Amino acid sequence: MEHNRLAEFPKDFLWGSASAAYQVEGAWDKDGKGPSVWDTFAKQEGTTFKGTNGDVAIDHYNRYKEDVRLMAEMGLKAYRFSVAWSRIYPKGKGEMNKNGLDFYNNLIDELIKNNIEPVLTLYHWDVPQALVDEYGGWESREIIDDFNNYCVTLYEEFGDRVKYWVTMNEQNIFVSHGYETGIHPPGVKDKKRMLNANHIANLANAKAIQSFRKHVPNGKIGPSFAYMPSYPFDSDPNNVMAFENAEEERSYWWMDVYVYGKYPTTIWNFYEREGIAPTIEEGDYELLSQAKPDFMGVNFYKSGTVEFNPLDGIGLGAMNFSGEKGTTAESGVPGLYKTKDNPYLDATNWDWEIDPEGLRIAMRRISSRYNLPILITENGLGEYDKLEANDVVNDDYRIEYINNHIKAIQEAITDGVNVIGYCTWAFSDVLSWLNGYQKRYGFVYVNRDEYDEKDLRRIKKKSYYWYKEVIKNNGPVELSQINKKF
């Protein structure tokens, strides 16, 4: 769809940025915090790039005021952050840690003082290790009540100041990486266990939303889904069917449950025939159907192209965590689809295809299928950034990437999609889970690497000044305009 004139961004549009507790806070065992699964998993040999972990990360726990000051100077309208569950409940339940609540109360107050809307993520992958040790974490239904109790604590403590809440960040990623591919904790490789853990997470998400309605009646809540919209490789009907399979198995399997409280029929039947469908108990569907979110959070980094995959075809393939372009292997689900490189798109050094139009397509699909507002909770470019003389970081590639995605958002708004806000990943450089510190995402360079924490100094990149202009302009700003100013 082409437009003669694009609609303006809403005046109250949330121009934001994002982070996750484990990736920025550090202070992993300070002030009463208990260990999370990532605190233990990342210390196991061979699990992360060059043995990196979040023990210190970028020390946001001790430097949050400096970080918020930089956000305010940029003019940031919203900051999405997550709460570390084991900082509130060191053992996942039982005795509450007041020091943990104090930290987040102080962070929220600092944001509000600087006219920045706090967007709070309840769960960003760091389940307390104690709950995994006790009953297996997301593989036990016991976690539903423990997660709900933790959520209610936050609702009661922060609900008077926080309007926007995200229940779970990328549930599709933490269950698939944790229980199918085994590259995230707890390192399980079993599709049936993954689907059961995912169903339990769905129930926990639904119960948390039900409780939210009671405790924060004027707030807005929704999940944050890592959406990689699928394309057929070509118009061969077999490849179009593979596309239909991929969209249901990789996307609607989650989003349909969030909104409609039920799983897509075709993929459910496929899993049932394979003997791996999740276990459903009485009352499950009733709970799921009573927890429709207020918005769909979308994390978008790439699209995915697929083609026909026979029953004896390709299974899981290797992913690129090295930053060596071209090292990602084809992957698939036999009988459903397999991945293909898209010949029309370039890719990052981590083989993530760059596709701004894919973001527009993703939002159009969500708007048509679910009729919900959209909050873009993550979008950004991870690349090798170079600190040059006089503390200069010329990340023109990041400016181009984000600006093109902002244009796609504006086109989607003109199409009629209701978009609440846009949070880049990330405000500052962060620990990139399995990729260490070499893969940088931020507007603010943090002076550290895999080997040395150095001074953790914050340095504004060129993109920092550019995004400041975007916020001021309430819309995209061309790189050429920034080059004239700076």
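**Getting to know Glu378**

Me: Which residue does UniProt list for "active site"?

Reply: The UniProt entry, which is unreviewed, lists Glu378 under "active site". Keep in mind that we're looking at a predicted model.

Me: Where does Glu378 sit in the secondary structure?

Reply: Glu378 belongs to strand 11, which covers residues 374–378. For the wider setting, the protein has 16 helices and 14 strands.

Me: How do I read whether Glu378 is buried or exposed?

Reply: Look at the relative accessible area: under 20% means buried. Glu378 has a value of 4%, so it counts as buried. Across the protein, 59% of the 486 residues are buried.

Me: Which residues is Glu378 in contact with, leaving aside its neighbours within four places in sequence?

Reply: A contact here means heavy atoms within 4.5 Å. With those neighbours set aside, the contacts of Glu378 include Arg80, His124, Asn169 and Glu170. Val298, Asn299, Phe300 and Tyr301 are also among them, as are Cys423 and Trp425.

Me: What share of contacts in the protein join residues at least 24 apart?

Reply: Take the contacts between residues at least 6 apart in sequence: 75% of these link residues at least 24 apart.

Me: And how do I read the overall form?

Reply: Start with the secondary structure, 16 helices and 14 strands. The radius of gyration is 21 Å, close to the 23 Å the globule rule gives for 486 residues, so the protein is as compact as a globular protein of that length. Its C-alpha atoms fill a box of roughly 60 × 55 × 45 Å along the principal axes.

Me: What about the surface?

Reply: About 19,200 Å² is exposed, and carbon and sulfur atoms supply 46% of that.

Notes
Residues are numbered from 1 along each chain as its sequence is written. This is a predicted model: local features need pLDDT of at least 70, side-chain atom pairs count only at pLDDT 80 or more; totals for chains, interfaces and linings use all residues. Side-chain values use heavy atoms; hydrogens and water are left out. Helices (H or I, at least four residues) and strands (E, at least two) are DSSP runs, numbered from the N terminus. The radius of gyration is taken over C-alpha atoms; the globule rule is 2.2 Å times the number of residues to the power 0.38. Buried means under 20% relative accessible area, exposed over 50%, partly exposed in between (1.4 Å probe, protein chains only). Accessible areas come from the Shrake-Rupley method with a 1.4 Å probe; for residues, only the protein chains shown count as cover. UniProt positions are given in the numbering used here, feature names are shortened, and annotations may be inferred rather than shown by experiment.
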